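Please work through the following exercises with the sequence and the coordinates at hand, and compare each step with the solution given.

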There are 2 protein chains.
Amino acid sequence: MTARTGRRPGGGDSRGEILAAARASFADRGYDATSLRAVARAAGVDPALVHRFYGGKPGLFAAAMDLPADPGTLVRGLLSGGLDGLGERIVRTFVGVWDSEPAQSRLVAMLRAGVAGAEAADVLRGYLTDAVLEPLAEATGRADGRLRASLAASQLVGLAVARYLLRLEPLATTSPEDIAAALGPTLQRYLTGEVALPEPG
Amino acid sequence: MTARTGRRPGGGDSRGEILAAARASFADRGYDATSLRAVARAAGVDPALVHRFYGGKPGLFAAAMDLPADPGTLVRGLLSGGLDGLGERIVRTFVGVWDSEPAQSRLVAMLRAGVAGAEAADVLRGYLTDAVLEPLAEATGRADGRLRASLAASQLVGLAVARYLLRLEPLATTSPEDIAAALGPTLQRYLTGEVALPEPG
């Protein structure tokens, strides 16, 4: 049996210790100030092992928070299909994940925590920016890509709050197909269309 | 001095007692099950006085919750300008109120409470439906007006959460003019344009 101190090669409960150390760091220091290296040190494992298990900080966060799906992975999959029809694909995927259980309960809990106070909001903002906004912004290939990505995020967050938290009718019971038809063009315009904004200087 | 029991004509601290009774009823029974008549009875005043002071249940709620602006009044003002350019006018007004203090602090507190738990969500949903969604839905003159209004609400709620709670950048620091230019067409399409939905049967 491996000693509990020092770096271990990844057997035993390395995953459990990494995730516990990650949860503690995200809660104590926030998302941005958490480093894979410090999490690895606290868990007594090699940083390369954390990379191998979770790919990077967004994947580590998704695993530590027990998210039903890793948004970073979903975003990469959506972007691999190109910019054509991206808005509707994003909405379909988003509603598909949120409409299913136990995903919905966990996501609702995370969103509630994220809007409840300034510290949890910092963590959620750091994560969303790293895992979703930056890849989306880059995919637009535009100088104002970050603003475009944050506009898209605002509609998705609003859909989540209106449909799953506030349960505004009839949006709370509208079919996923109708939601994709209604919101898809909004995201498409935000990401690739005319948003009537001056180009950043 | 007027006796503390029985119906009083509206002098003294009638407003304070009405608002205290309203807050208690909204918290205990929720928005939908609160009646102006029961609030008046609890406050020991005539129901006509509650109507005269606050116009109706949405106005009573806004006053009881110390909202910086009565959304019901704002919506009526916006709708009086007709459907042309309505989307951009709504976004401008929304951002104008939320960007100012002390409005922003109070609205942030209300939104946090509204998404924190199921009971507060019920109250906020009841209020938004009564004060904002129903007038908007009616103004569209469409059979699917309620869905259109809830789509518009989802983008506004998402803007509030992204800009003021999560503070996603660069949306959190984008100028009100640029936000109106970006989001105005979205609301306009939801309310009056093609949303690719089958007409409700």
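**Exercise 1.** Determine whether Ala113(A) is buried, partly exposed or exposed in this predicted model.

*Solution.* The relative accessible area of Ala113(A) is 40%. Buried means under 20% and exposed means over 50%, so Ala113(A) with its 40% counts as partly exposed. As to its place, Ala113(A) belongs to helix α7 of chain A, which covers residues 103-116. From Ala113(A) to Leu124(A) the separation is 11 residues in sequence, while their C-alpha atoms lie 8.8 Å apart in space.

**Exercise 2.** Describe how helix α6(A) packs on helix α7(A), and state which residues make the contact.

*Solution.* The axes of α6(A), residues 86-99, and α7(A) are 6 Å apart and enclose an angle of about 100°. Angles of 65 to 115 degrees count as roughly perpendicular, and α6(A) and α7(A) are therefore roughly perpendicular to each other. On the side of α6(A) the contact is formed by Val97(A), Trp98(A) and Asp99(A), and on the side of α7(A) by Ala103(A), Gln104(A), Leu107(A), Val108(A) and Leu111(A). Sorted by character, the residues of this contact comprise 6 nonpolar, 1 polar and 1 charged.

**Exercise 3.** Find the operation that lays chain A on chain B, and name the kind of axis involved.

*Solution.* A turn of 180° with a shift of 0.0 Å along the axis superposes chain A on chain B with an RMSD of 0.0 Å. This is the relation of a two-fold axis. The same surface serves both copies, since 100% of the contact residues of chain A recur in chain B. Within chain A, the residue that comes closest to the rotation axis is Gly158(A), whose C-alpha is at 1.6 Å.

Conventions: Residues numbered from 1 in each chain as written. Chains lettered and ligands numbered in written order. Predicted model: local features only at pLDDT ≥ 70, side-chain atom pairs only at ≥ 80, totals over all residues. Heavy atoms only, no water. Helix = DSSP H or I, 4+ residues; strand = E, 2+ residues; numbered from the N terminus. Buried < 20%, exposed > 50% of the residue type's maximum accessible area, 1.4 Å probe, protein only. Least-squares fit on C-alpha atoms with pLDDT ≥ 70 in both. Contact = heavy atoms within 4.5 Å. Axes fitted to C-alpha atoms, helices over the stretch in contact; angles between N-to-C directions. Parallel < 35°, antiparallel > 145°, perpendicular 65-115°, else oblique. Nonpolar A, V, L, I, M, F, W, Y, C, P; charged D, E, K, R; others polar.
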